[in-house]
Amino acid sequence: MRTVLEFIRLCKEMGVHLEITTLVVPDLNNTENELEEAADFIASVDAQIPWHLSAYHPDYRWNAPPTDGDFLLRAAERAKKKLAFVYTGNLSSGNDTYCSCGEVLVRRRGYRVDAAGLSPGHAGEKNYRCAKCGEPTKIAL
Ligand SMILES: [Zn+2]
């Protein structure tokens, strides 16, 4: 675990694009405290790092029950108080990117992605803006 945390800090120091995915498995790492600690750690490195909280499904040899979707959504809402980009995965909702004005910037359904909430940045800008309020985003062209 320490190696993973050090690697995350190293990626940040080197300027490498980094997104973190945590598979949330019941009875393994699904306590509120563990997920709060993980969010705190990521925020201490960079609150702009995207964090994906992925639901577990018992499809092969592991016998844990599937991750509770409501629990995962609540954990994501708590993490959003500390991190700018928090997503749930393996659920039917909770995968979209929002502007601070509330507009959906990027809507995701399964493998379909709709970026209708984005508009090109102004001349010389490398990132998109919110199509509704015009606020700059961290999403690059
Ligand atoms: Zn906006």
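This is a short walk through a predicted model, stop by stop, with a selection to make at each one.

**Stop 1: the zinc site**

Start by selecting the zinc ion and showing the side chains around it. Which residues coordinate the zinc ion? You should find Cys99, Cys101, Cys130 and Cys133, each through its SG atom, at 2.3 to 2.4 Å. Turn the view and look at the angles among the four donor atoms: they run from 106 to 113°, and the site is tetrahedral. Along the chain, the donors follow the spacing C-x1-C-x28-C-x2-C.

Now colour two of these cysteines by accessibility. Cys130 is buried, at 1% relative accessibility, whereas Cys133 is partly exposed, with a relative accessible area of 41%.

**Stop 2: strand E8 and Asn127**

From Cys130, move to strand E8, which covers residues 127-130, and select Asn127 in that strand. Is Asn127 buried or exposed? Its relative accessible area is 18%, so Asn127 counts as buried, the cut-off for that word being under 20%. Follow the side chain of Asn127 outwards and you will meet the backbone oxygen of Thr137, 3.1 Å away.

**Stop 3: Asp96 and Arg109**

Next, select Asp96 and Arg109, whose side chains meet in a salt bridge with an N to O distance of 3.1 Å. This pair links distant parts of the chain, 13 residues apart: Asp96 sits in the loop between E3 and strand E4 (97-98), and Arg109 belongs to strand E5 (residues 104-109). The partners differ in their cover: Asp96 is buried at 8% relative accessible area, while Arg109 is partly exposed at 39%.

**Stop 4: a network of salt bridges**

How many salt bridges does the count come to? The total is nine. For a group of them, select Glu32, Glu36, Asp40, Arg78 and Lys82 together, since salt bridges that share partners join these residues into one network. As a reminder, side chains of opposite charge can pair when their charged atoms come close.

Zoom in on Glu32 and Arg78 to begin with. Their closest N and O atoms are 3.9 Å apart, and the two form a salt bridge. Glu32 lies in helix H2 (residues 32-45) and Arg78 in helix H3 (residues 69-79), so this contact ties together parts that are 46 residues apart in sequence. Glu32 itself is partly exposed, with a relative accessible area of 42%.

Then shift to Lys82 and Glu36, where the closest N and O atoms of the salt bridge are 2.4 Å apart. Why does this pair tie together parts of the chain that are 46 residues apart in sequence? It does so because Lys82 is in the loop between H3 and strand E3 (86-89), while Glu36 is in helix H2. Both ends show some surface: Lys82 is partly exposed at 28% relative accessibility, and Glu36 is partly exposed at 22%.

**Stop 5: a nonpolar patch**

For the last stop, switch on the molecular surface and select Phe7, Leu10, Met14 and Val16. These residues form a nonpolar patch on the surface, and together they have about 400 Å² of accessible area. Where does Val16 sit? Look in the loop between helix H1 (2-14) and strand E1 (20-24). Val16 is partly exposed, with a relative accessible area of 42%.

Terms used
Residues numbered from 1 in each chain as written. Predicted model: local features only at pLDDT ≥ 70, side-chain atom pairs only at ≥ 80, totals over all residues. Heavy atoms only, no water. Patch = residues over 30% accessible without salt bridge, like charges linked within 9 Å, V, L, I, M, F, W, Y side chains within 5 Å. Areas by Shrake-Rupley, 256 points an atom, 1.4 Å probe, with all protein chains shown as cover. Salt bridge = Lys/Arg side-chain N within 4 Å of Asp/Glu carboxyl O. Helix = DSSP H or I, 4+ residues; strand = E, 2+ residues; numbered from the N terminus. Buried < 20%, exposed > 50% of the residue type's maximum accessible area, 1.4 Å probe, protein only. Polar contact = N/O pair within 3.5 Å; in protein donor to acceptor, adjacent residues only side chain to side chain. Donors = N, O, S within 2.8 Å, 3.2 Å for Na, K, Ca; no water. Tetrahedral: all angles 85-135°; square planar, octahedral: opposite > 155°, others 65-115°.
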